[in-house]
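The following exercises concern charged side chains and a sheet. Please work through each task before reading its solution.

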Amino acid sequence: MQRTKTALRYLGLGILAAVVLGLAIAPFSNRLIEQWSRNDVEARSRLVYNAVQSQVVAALEEQNEVQLSLLFSAVALDPRILAVGLCAQPERLVAPTKMMPSTFSCEKVARSDAESFSTIAIDAHRIMVGAFPISHGDMRSYLVVLHDLSFIDKRSGEAQAFLLAVLFGVAVVMAGGATVFVLVTLRGWMESLRRAVEDVRTGTGSLAAARDQSIIDLQIKKLLSEVEVGRSVINATQIEWSPTSLQQLLHDILPDAEVLIVSNREPYIHNRDGDGISVQVPASGLVSALEPVIRACGGTWIAHGSGSADHETVDRHNRIDVPPDNPAYVLRRIWISEEEQEGFYYGFANEGLWPLCHIAFVRPLFRENDWRLYREINERFANAVVQEAKTEDPIVLVQDYHFALAPRMIRNKLPKATIITFWHIPWPNAETFSICPWKEEIIDGMLGSTILGFHTQFHCNNFFETVDRFVESRIDREHATVTLGGHETMIRPYPISIEWPPTALQEQPPVEKCRADIREKLGLAPDTRIAVGIERFDYTKGILDRMRAVDELLLSEPQWKGRLVFVQVAAPTRSKLTSYSTLQSDAIALADQINDRHRAGGYTPIQLLIRHHSAMEVFKLFRAADLCVVSSLHDGMNLVAKEFVAARDDECGVLVLSSFTGAARELSEALIVNPYHVHEMATALATALNMPEREQKERMRAMRKQVRASNVYRWAGRMLMDAASCRRRQRILDLAGSQPH
């Protein structure tokens, strides 16, 4: 009985001590949690600032609020960040994220030359505002990062409850042990109490739950840091975009990622050459851009095997390691029969989609059988992606209008894949696209992509308009996304470019030597001025229009007769199609007509060279020319314009450029013309021929700077950067979703 009374006495004393100790420690615990939480919030804000500072400056210099909005939205995915925005002068809130309180004002932000933190009350909530100065030019703005501090009270309550529970449990255990041996129990109780107090002081015991949450928060912060630091690194102005920097980017932001490329054109073609086999590397900006990516990761390139010896050089799985001299990745060839090629490539792709998207006044033709073959070939390529994929979440780069259906087909088979589709030709307005009988299926196929890229924002806007008109979906124009069937697709402009420096420029003789060689080859006098046009024989390129402009110039300013020759290089293409073969015949007839009109003493103002020219030949002609005419009636980008600029390391020469090319939005120092207006084109030719060398150099220097900075490796890098951001954002959301609520 005495031992029972003693045990009960100690039990009561233990419970009383637990309560008293809990009440005594509670204020200390609250202050500890408050301070720890604020430190965590401040550290999180600094992390965001350090990650996005350079990107914010770049966006401000470009006055690109859309980029700011996308950047801030990615940061605000962190569940502990309430909102992000930019306080610009004068007191203007720029690009606030969706959760930014409506009553928040930049006037409430504490500002100084260094970072500052302040706590404000909004709608009965305590909000911590971190303000970080960002200088751009003569202006200063403040990045503001908002955190809702109400979670601190919740943490404090949970910690106090846990603390009392622990102390109560300790007291019960100690009192129960007193029935066996009071002194031992008392000694154990005191020791346990001492440890509990120490735990509270150091935050290792009673704050275990908070510690676990901190570990998850640190993981989220690390992931966000990887996304944004990677973005700021590749946006840094000091980066020289090259195959090496592109490969380094891939290693940094997409380590161990599996990359597959889907394109109609293959990077290496094996052809019969007498008794042997030769390897041809097509002159393609696409190949130049994506080869460094695929080499870096050792992935797989899936393409149509079109060479006469392609069948003989693959293994039994239709694969071959390439490049031949130093294999780094796998080329998987897909076989397409002549009948399938007629329907898929010549039919639906080039008699249907090509004229439809270029709006070049050639009627698009849509045949049921062509559509059937187009769908079958897309399915064949999608199946090849699944067969070649070694992981469940590869990065798949789908190229061009030949594969509009493939993204959805791949998505259905590999739902975790990151699919980047790039549309290399223009996208027309909704009214024009409505001509296509299978418009809904094409739009649905493209929206299977994670990221869908076009050359210009104008084409992106046309796509949004088309989706809005024909497909039931959710369009978020602020964040440039379309959600269809629960899947979100980012729509982005990625202006393609050329490699820098161009390989074809490396072994070129000096400009004066190029001029002398070309004049001698063409039988021209040493003082003859040369204008060039270099295209495929395609009705979208405006070849006839530029010849008419030369004719108009010679008629209105006859002093140029005998002194100016226009050299049109035109490589035959798609000659099976009537519209292409007819164009070639029309061009020959028009050149003869103009030459007959102005012929004198052997002078022929237009020289039409109908054959394929190598890149070395093209660049030599560019260097010899006084001006280059790019008169496309409609074009996604037009790389000929950029190649001419890249070829002119002497900073001379004039570019006459159609306003209907994507390149006109980047190369504004060119003479921009309406190719449908012959007189305007002729006037531009005269302006180019009379332009002083000083003005030529100023214009060319600015254009070369643009092409150098925004080369083809940057094009690929931006898409990979956004792919990495999408993948890590999904990981963050998955991680945040796994946390207990």
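**Exercise 1.** Determine whether D538 is buried or exposed, and then do likewise for its partner R536.

*Solution.* Step 1: D538 has a relative accessible area of 0%, and therefore it is buried (buried means under 20% relative accessible area, exposed over 50%, and partly exposed in between, with a 1.4 Å probe and protein chains only). Step 2: R536 has 29% relative accessibility, so it counts as partly exposed. Step 3: R536 and D538 form a salt bridge, with their closest N and O atoms 3.5 Å apart (a salt bridge is a side-chain nitrogen of Lys or Arg within 4 Å of a carboxyl oxygen of Asp or Glu).

The model is predicted, so local features need pLDDT of at least 70 and side-chain atom pairs count only at pLDDT 80 or more, while totals for chains, interfaces and linings use all residues. Residues are numbered from 1 along each chain as its sequence is written, and side-chain values use heavy atoms, leaving out hydrogens and water.

**Exercise 2.** Describe the salt bridge between K541 and D635 and locate both residues.

*Solution.* Step 1: the N to O distance between the side chains of K541 and D635 is 3.0 Å. Step 2: K541 lies in the loop between β18 (529–536) and α15 (543–556), and D635 in the loop between β21 and α18 (639–647); helices (H or I, at least four residues) and strands (E, at least two) are DSSP runs, numbered from the N terminus. Step 3: the two residues are 94 residues apart, and the pair links distant parts of the chain. Step 4: both K541 and D635 are buried.

**Exercise 3.** Explain why the salt bridge of D626 with R519 ties together parts of the chain.

*Solution.* Step 1: the closest N and O atoms of D626 and R519 are 3.7 Å apart. Step 2: D626 is in the loop between α17 (615–624) and β21 (627–630), whereas R519 belongs to helix α14 (residues 511–522), so the pair ties together parts 107 residues apart in sequence. Step 3: D626 and R519 are buried. The whole structure holds 40 salt bridges.

**Exercise 4.** Identify the edge strands of the open sheet formed by 10 strands.

*Solution.* Step 1: the strand order is β10-β11-β9-β6-β12-β13-β14-β17-β16-β15, with mixed pairing (two strands pair if DSSP finds at least two bridges between them). Step 2: β10 (319–322) and β15 (474–476) each pair on one side only, and these are the edge strands. Step 3: β15 pairs with β16 (residues 481–484) in the antiparallel sense over three bridges. Step 4: I475 has V482 in β16 as its bridge partner.
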